[in-house]
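Student: Here is the structure I was asked to study. Could we go through it one question at a time?

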Amino acid sequence: MRTQVAIVGAGPAGLLLSHLLDLEGVTSVLVECRSAEYVKSRIRAGILESGTVELLKEVGLGDRLSEEALEHRGIYLQWPGERYHLDFVEHAGHPVWVYGQTEMTADLMKARERAGRPAFYQVDDVALHDISGDRPYITFSDAAGRPQRVDAAVIAGCDGFHGPSRRMMPTAGRRTWERTYPFAWLGALAAVPPSTDELIYAWHPNGFALHSMRSPQLSRYYLQVRPDEDINGWSDERIWEELAIRLGHGQDAWSLQTGSIIEKSVLPMRSFVTTPMRHGRLFLAGDAAHIVPPTGAKGLNLAVADVALLARALGAWLRDGSEALAHGYSETALRRVWRCTHFSWWMTTMLHRHGDDFDAQLQLAQLQRVIASEAATKELAENYAGLPIGR
Ligand code: RFL
Ligand code: PHB
């Protein structure tokens, strides 16, 4: 089979890239190792920046999003005895939107099916070949076990942190930066109305807690735990008790509504960047090239920003013969990647318990500063609400 862009991985980056390439008049084939059902049901990110929402609407993916996404003007930031609202609209000029990655993935899958763009799910043994030459191709065995080969002008590695694409990049000239954090998140999804109108980020002596949501009936919570935490040690009762302690702020009659927990798991936290994001005919996008800890809600938005740039660059190259944007892709994308890497690290470091009591006092001083100073509030608001997506 021949196409212009072979896309490895059908997460949000790969699916959106195939959609945007279609609009650029460029053909693509998607190859994914999991089943479509598995990809659709993976519970991950929940917050979209306005730039992400605008892009999705612009490219015809906004119907359900416009109906169902919840507009949030800002977030609550709290520590024992205090809870403050930070207004992004006032301080950064735009809101953010609650719309689960599962919903966005479902919209993208539907668009792909409607357009009849080819995709192979449940494939095995994906291998990338000749990325340094002019005729790259990928091989794999399809869901029925038949060997397949896709020849392309370009390969897009959208296969996440564990995929094969990044490992194909030559080591010469490659640089990688990594930080693993000495804590993890226990994530829980519950069929219960949120006990808050907007997200609560809570610093607490027991560890960080986050109250998020997916819809008026579905809430999402996170608790800071040890990296090696055994999920079996966390009964639903223990999760609710700990959330009530960490999210309670002692000021008024706020209480946490409890209910049935549908899913719970422990998520590792790391920062990771590898450069450059292109070698020869292989381009990396999304988690394949960079990982941020989820405290700043940036992972999914970064993946969208990458593929917005990449689709335009590949359109200019494969349709019009101009490679200039493709040459600039890595450098341009990495400016946003490093900004978000810094912001995610900063939010993580400010909000999670680590170190000693001196560190705790520094964190509280920083949190006070974010609230007390107009400049500091604006800095957090602009980063969280997000930069415009350059396309
Ligand atoms: P994805 O979503 O990981 O998609 C990559 C796809 O590639 C497939 N793949 C392969 N396909 C073919 N052949 C192979 N050999 C392959 N190996 C892998 C995978 O099955 C998958 O379908 O990366 P993408 O598209 O770059 O999207 C990035 C976002 O998914 C990611 O940044 C966020 O979800 C990160 N993240 C979170 N971000 C937030 O902003 N808030 C969150 O609450 C949040 N929770 C999470 C997360 C990431 C998690 N992972 C990756 C451990 C929770 C988890 C569990
Ligand atoms: C989520 O709803 O999953 C979520 C929200 C905000 C974050 C991280 C995760 O910072």
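**Ligand 2, a buried Glu and salt bridges**

Student: Which residue offers a polar backbone atom 3.5 Å from an oxygen atom of ligand 2?

Tutor: This is a predicted model, in which local features need pLDDT of at least 70 and side-chain atom pairs count only at pLDDT 80 or more, while totals for chains, interfaces and linings use all residues. Residues are numbered from 1 along each chain as its sequence is written, chains are lettered from A and ligands numbered from 1 in the order in which they are written, and side-chain values use heavy atoms, with hydrogens and water left out. An oxygen atom of ligand 2 is 3.5 Å from a polar backbone atom of Ala297.

Student: How much of the area that ligand 2 exposes when taken alone does the protein bury?

Tutor: Accessible areas come from the Shrake-Rupley method with a 1.4 Å probe; for residues, only the protein chains shown count as cover. Taken alone, ligand 2 exposes 280 Å², and the share buried by the protein is 97%.

Student: Which strand gives the most residues to the shell around ligand 2?

Tutor: Strands (E, at least two residues) and helices (H or I, at least four) are DSSP runs, numbered from the N terminus. Strand E16 (209-215) and strand E17 (218-225) each supply at least two residues of the shell. With 3 residues, the one that gives the most is E16.

Student: Is Glu32 buried or exposed?

Tutor: Buried means under 20% relative accessible area, exposed over 50%, and partly exposed in between (1.4 Å probe, protein chains only). A salt bridge is a side-chain nitrogen of Lys or Arg within 4 Å of a carboxyl oxygen of Asp or Glu. Glu32 has no salt bridge, as the nearest side chain of opposite charge (Lys and Arg positive, Asp and Glu negative, His and the chain ends not counted) is Arg42, 4.9 Å away. Even so, Glu32 is buried.

Student: Which residue has its backbone nitrogen 2.7 Å from a polar atom of the Glu32 side chain?

Tutor: Glu32 is found in the loop between strand E2 (28-31) and helix H2 (36-41). The backbone nitrogen of Arg34 lies 2.9 Å from a polar atom of its side chain. At 2.7 Å, the residue is Ala10.

Student: How many residues apart in sequence are the parts that Arg270 and Glu178 tie together?

Tutor: The side chains of Arg270 and Glu178 meet in a salt bridge (3.3 Å, N to O). Arg270 lies in strand E19 and Glu178 in strand E13, so the pair ties together parts whose separation in sequence is 92 residues.

Note on methods: Polar contact = N/O pair within 3.5 Å; in protein donor to acceptor, adjacent residues only side chain to side chain.
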